[in-house]
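Please open the model in your viewer and keep the selection panel at hand, since this tour moves from one selection to the next.

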Amino acid sequence: MPLEIERKFLCTPAVLPLCQSGTLLVQGYLYTDANNTLRVRRAGDRAFLTWKGPKSGASREEIETEVPLSMGEALLADVPMHARIQKTRYRIEHAGAVWDLDVFGGAHDGLILAEIEMAHEDQFVVLPPWVGQEVTADQRYRNSRLATWARPDRLAA
């Protein structure tokens, strides 16, 4: 089974000048429980259906398949607007590694998250100066949670 190993970080706006050309992503969650997530995503003029298994550290099983855009649009139409995520994804290279940087819009406007995929969990990663707190283990920053809850950094203490 394919394995996704990634770390996730909050980012400062200092990264925004590096964001030159991105892809608009709109995604909705068709099913989520403690062990499974089923997501539909429109990425530009393409659509994907993704299943993710339970998370263990920075790893989880993931299967993603491209589907016809019309199918992706039909599935997204079944997800209420308030339960979708909109973000623009940029790919930024730093110290020989490629980071996925997500600049959120909509209800999460202003949130910037960076993800780095790794070959193994103990892989050394040079952190860019624009990353802040690591939120890999903070379930509040999982996209499936963001789709149904307020931004964690805007919740009342």
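Is strand S3 (residues 37-43) mostly covered or mostly uncovered, and how many of its seven residues are buried? Select residues 37-43 to see the answer in this predicted model: strand S3 is mostly covered, with five of its seven residues buried.

**The partners of S3**

Keep S3 selected and add residues 23-32, which make up strand S2; the two strands run antiparallel and are joined by seven bridges. To place the register, label Tyr-31 and Leu-38 of S3, which stand opposite each other. The link from S2 to S3 is a hairpin, and four residues form the connection.

Next, add residues 46-52, strand S4, which pairs with S3 in the antiparallel sense over seven bridges. Here the residues to label are Arg-41 and Phe-48 in S4, which stand opposite each other. S3 and S4 also form a hairpin, this one with two residues between the strands, and Gly-44 in the turn has a positive phi of about 65°. While the strands are on display, it may help to recall that in a regular strand the side chains alternate between the two faces of the sheet.

**The largest pocket**

Now select Arg-39, Arg-41, Lys-52, Arg-89 and Glu-115, which, among the 33 residues that line the largest pocket, lie nearest its centre. Arg-41 is thus both the residue opposite Phe-48 and one of those nearest the centre of this pocket. The volume of the largest pocket is about 590 Å³. Colouring by element shows where the lining comes from: two or more residues each are given by strand S1 (3-11), S2, S3, S4, strand S5 (59-67), strand S6 (84-94), S8 and helix H2 (143-146). If you then colour the lining by residue class, it divides into 19 charged, seven polar and seven nonpolar residues.

**The second largest pocket**

For the next stop, select the residues that line the second largest pocket, including Thr-32, Asp-33, Ala-34, Pro-54, Lys-55, Gln-139, Arg-142 and Arg-145. This pocket holds about 190 Å³ of space, and its lining divides into three nonpolar, five polar and four charged residues.

**The aromatic cluster**

Move on to Phe-9, Trp-99 and Trp-130, which form one aromatic cluster. The structure holds two aromatic pairs. Trp-99 and Trp-130 make an edge-to-face pair, with 5.9 Å from centre to centre and 75° between the planes. Trp-99 lies in strand S7 (residues 97-104), whereas Trp-130 sits in the loop between strand S8 (112-117) and strand S9 (131-134), so the pair ties together parts that are 31 residues apart in sequence. Both Trp-99 and Trp-130 are buried.

**The whole chain**

Finally, clear the selection and show the chain as a cartoon, in which two helices and nine strands can be traced. From the N terminus on, the elements run β-β-β-β-β-α-β-β-β-β-α. The C-alpha atoms fill a box of roughly 40 × 35 × 35 Å along the principal axes. A compact globule with 157 residues would have a radius of gyration near 15 Å, and the chain, at 15 Å, agrees with that. Colouring by burial closes the tour, with 43% of the 157 residues of the chain counting as buried.

Conventions: Residues numbered from 1 in each chain as written. Predicted model: local features only at pLDDT ≥ 70, side-chain atom pairs only at ≥ 80, totals over all residues. Heavy atoms only, no water. Buried < 20%, exposed > 50% of the residue type's maximum accessible area, 1.4 Å probe, protein only. Pairing = 2+ DSSP bridges. Phe/Tyr/Trp six-rings, centres within 6.5 Å; stacked < 30°, edge-to-face > 60°. 1 Å grid on protein atoms, 1.4 Å probe; cavity = no way out; pocket = protein on both sides within 12 Å on 5 of 7 lines; lining within 4 Å. Points joined across faces, edges and corners; volume = space filled by probe spheres on them. Nonpolar A, V, L, I, M, F, W, Y, C, P; charged D, E, K, R; others polar. Rg over C-alpha atoms; globule rule 2.2 N^0.38 Å.
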